[in-house]
Structure formats: C-alpha cells, structure tokens
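Here are my notes on the model you sent. They are numbered so that you can reply point by point.

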Amino acid sequence: MKRKMWLSLTLSALLVTAVGCGDKQEGGTTQTGSGGDAEKKECSIAISQIVEHPSLDATREGILAALKEAGISEDDKTLKIDYNNAQGDPANNLSIGQKLKDTKSDLVIAIATDSAQAVAQNVKEKPVLFAAVTDPLDAKLVSDLKKPGGNITGASDTNPEATKQLMNFVNTHFPNVKRIGLVLDEGEANAVVMANTAEEVLSEHGIELVKAAVTNTSEVKQAAESLVGKVDAFYITLDNTVVSGVETIIQTAQKNKIPFFSSDRDTVEKGAFATVGFKYYDHGYQVGQMAVEILKNGKNPGDMEITKPDKLDLILNTKVAADYGIEVTDAMKQEVKDPDNNIIE
C-alpha cells in the first residue's frame with residue numbers, strides 16, 4: 001500500500017470512536033434501572049440508497065431486521081433512522097454524500113456501489129458500512145478485503161463464482177445460444193466488473209456477449225429492443241439502472257421468445273428464467289449483524305473483514321419458462337441444490 005494511502009486510512013481509523021449505543025454507560029459500567037435491566041440509549045443511523053428496487057429494498061429490510069433482533073429498533077425507540085434515497089440520480093447521490101459528511105448519526109450505511117462511493121468520499125469520522133457492492137476493491141472503497149483499515153467495511157453482494165456458474169449453466173443447457181445480449185450502464189462500476197467476468201467465461205465457450213449501453217432507466221426498453229434479432233438470449237448484471245427498468249426487458253424477451261437470465265433472485269421472481277444467487281434480505285441481515293457489532297460492541301470497521309455470499313444456488317422460475325420458449329428438463333432441475341426454495345413453480 002502506498003504511504004499516503006496508509007496514512008489516510010490510519011488517520012481515519014484513529015478518528016472513528018467506539019459507539020457502544022446499545023446500553024447507556026457511564027464511568028465504564030453499564031447503568032441499570034430499578035428492574036436491573038440495562039438502560040437503553042438510542043442509536044442513530046443514516047442510510048444512503050441509490051434507488052428503490054426489490055433487491056436494494058430487501059437489503060435494507062434485512063439490515064433493520066438484524067438490528068431489531070439485537071434490541072435496536074424504531075419500535076422501542078432505541079433507533080433513529082435518517083433515510084436518504086437518491087432515486088437513481090447521480091447529482092442527488094453526491095448531495096447525500098456531502099450532507100452526511102457532518103452527520104450526527106452513530107453509523108452510516110450505504111446501499112449500492114454509487115452510494116457507497118459518495119459516502120466514502122465524504123464521511124471520514126464516522127463508522128461506515130456498505131451493502132450491495134459488487135467489487136469493493138474496484139470501487140476503491142477499501143484496499144484490503146480481510147482488513148479494510150480506516151472507517152469503512154461491509155459486504156459484497158456477489159461472488160464471482162455465481163456469474164461463472166450461471167454462464168456455464170447457459171452453455172450446458174442452451175446449446176443454440178451463441179450470442180447473449182446485455183443491457184448495461186457502463187457508468188456503474190459493479191455492472192462492468194460482472195460483465196467482464198461473464199464475457200471471459202462465455203468466450204471460453206465460444207459465446208459472444210453483445211452489449212447495448214444505457215445511461216438511465218428510461219433507455220432500458222429501447223436498448224433491449226435493439227438487441228432483438230441479434231442475440232439468442234438476454235442477461236443482466238447487478239446493474240441498478242437496468243434492474244430498475246427490468247420489466248421492459250422481461251416483456252421484450254417474452255414477446256420474442258428470447259430466454260432471459262439475471263444476476264439476482266428478485267428479478268427471477270419478477271419473471272426472468274434463471275440466476276445463480278441468494279436472497280438479498282439475507283445479504284442485508286449479514287450487514288445488519290456487522291452494524292450490531294459496531295453499535296453495541298464498539299468494533300472498529302477497519303478491523304472487520306469484507307464478507308460475501310457463500311451459499312450460492314441455481315434459482316429457476318419454471319412458471320415463466322414457456323413464455324420464453326424454454327422446455328425445462330430434469331437435468332436443469334437437478335442442478336438446483338435446494339429445490340423446495342429455489343424452483344419457483
């Protein structure tokens with residue numbers, strides 16, 4: 001690590017103080033009331049979320065559920081939340097990051113890569129957690145996944161193996177697919193990383209990845225339609241811009257009988273045919289548990305390892321298979337480890 005970066009991370013780590021807001025403490029001892037229970041102190045968190053869509057919303061719900069289970073919730077007035085949503089607007093996202101620079105909250109949680117980058121650039125003296133970030137290294141949020149240093153840590157929402165497994169599934173069970181169309185916002189670092197991984201695996205199978213670029217959600221439909229007649233299947237990454245308009249891809253794909261593969265379970269539940277993934281609620285819950293460690297136990301984010309999904313499974317929506325002209329085979333179903341939960345029928 002370069003000396004300048006090391007000094008910056010070290011300074012940030014020194015500035016971050018233990019929060020410990022689960023119980024009110026004075027003089028190093030926990031104060032108790034007449035009933036003997038620890039007197040609760042209100043925690044406060046600020047949340048920055050790039051846009052509303054099922055995966056990110058489920059992530060936030062999981063975070064709050066983990067906090068509630070640990071006794072930190074709005075219901076019993078032990079939690080105050082400053083929720084900020086950029087509605088997919090980069091300018092709003094930057095403004096939120098700047099606003100949170102002087103936040104009085106005990107912890108800042110950023111959901112999605114763009115939000116995390118804006119928060120990391122501005123919030124230096126408060127603990128920061130990120131969620132739904134594909135590649136924290138590429139996004140320059142941390143320099144080490146095992147010991148991030150500084151005031152920031154969190155959870156990646158992807159394991160490169162998930163993309164590889166999905167591309168291998170397509171190659172194995174869809175021999176007629178030679179060109180796959182990808183609607184992509186190249187301004188989203190996480191989306192580009194996943195696209196590159198997919199392209200590398202597909203090239204090994206002699207399959208071409210054909211990209212249609214967008215810069216905002218309103219362009220998704222036209223981009224998908226531009227790929228009709230040029231590709232044999234559709235695929236999308238964890239691309240917030242694209243996922244926000246995914247219904248138009250589903251409609252285009254089904255209308256033209258083009259199989260559609262996604263990178264998240266929520267999109268499969270909406271109508272894509274398959275993915276290799278996990279539940280975003282569980283991902284958020286994992287981040288929420290990290291938040292508990294910071295808020296109640298005073299852990300330093302810089303000492304907490306970046307986590308990632310490790311329970312990957314193929315998820316199939318057999319209800320929509322016919323809409324894409326797909327015949328679901330026993331061989332496809334046999335690749336699902338947990339059919340009771342991951343075959344949607």
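1. Start with His53. This residue sits in the loop between strand 3 (43–49) and helix 2 (54–69). The model is a predicted one, so please read every value below as computed from it. His53 is buried, at a relative accessible area of 6%. That is under the 20% cut-off for burial.

2. What does His53 touch, leaving aside residues up to four places away in sequence? Its partners are Asn240, Val243 and Ser244.

3. Now the chain as a whole. It holds 13 helices and 14 strands. Of its 345 residues, 52% are buried. The accessible surface comes to about 15,800 Å². Carbon and sulfur atoms account for 46% of that surface.

4. Contacts across the sequence deserve a look too. Take the contacts between residues at least 6 apart in sequence. Of these, 71% join residues at least 24 apart.

5. Next, the aromatic rings. How many aromatic pairs are there, with ring centres required to lie within 6.5 Å? The count is five. One of them is Phe261 with Phe273. Their centres are 6.2 Å apart and their planes meet at 75 degrees. The pair is edge-to-face, because an angle over 60 degrees puts a pair in that class.

6. Where do the two rings sit? Phe261 belongs to strand 11 (residues 260–261). Phe273 lies in the loop between helix 10 (265–270) and strand 12 (274–277). The pair therefore ties together parts that are 12 residues apart in sequence.

7. Are Phe261 and Phe273 buried or exposed? Phe261 is buried, at 1% relative accessibility. Phe273 is buried as well, with a relative accessible area of 0%.

8. A second pair to check is Phe278 with Tyr280. The ring centres are 5.0 Å apart, with the planes at 35 degrees. That makes the pair tilted, because the angle is neither under 30 degrees nor over 60. Phe278 has a relative accessible area of 14%, so this residue counts as buried. Tyr280 is also buried, at 4% relative accessibility.

9. Finally, the ring cluster. Which residues do ring pairs link into a cluster? They are Phe169, Phe174, Phe261 and Phe273. The edge-to-face pair of Phe261 and Phe273 from point 5 thus reappears here. When you view this cluster, keep in mind that Phe261 is buried at 1% and Phe273 at 0%.

Notes
Residues numbered from 1 in each chain as written. Predicted model: local features only at pLDDT ≥ 70, side-chain atom pairs only at ≥ 80, totals over all residues. Heavy atoms only, no water. Phe/Tyr/Trp six-rings, centres within 6.5 Å; stacked < 30°, edge-to-face > 60°. Helix = DSSP H or I, 4+ residues; strand = E, 2+ residues; numbered from the N terminus. Buried < 20%, exposed > 50% of the residue type's maximum accessible area, 1.4 Å probe, protein only. Contact = heavy atoms within 4.5 Å. Areas by Shrake-Rupley, 256 points an atom, 1.4 Å probe, with all protein chains shown as cover.
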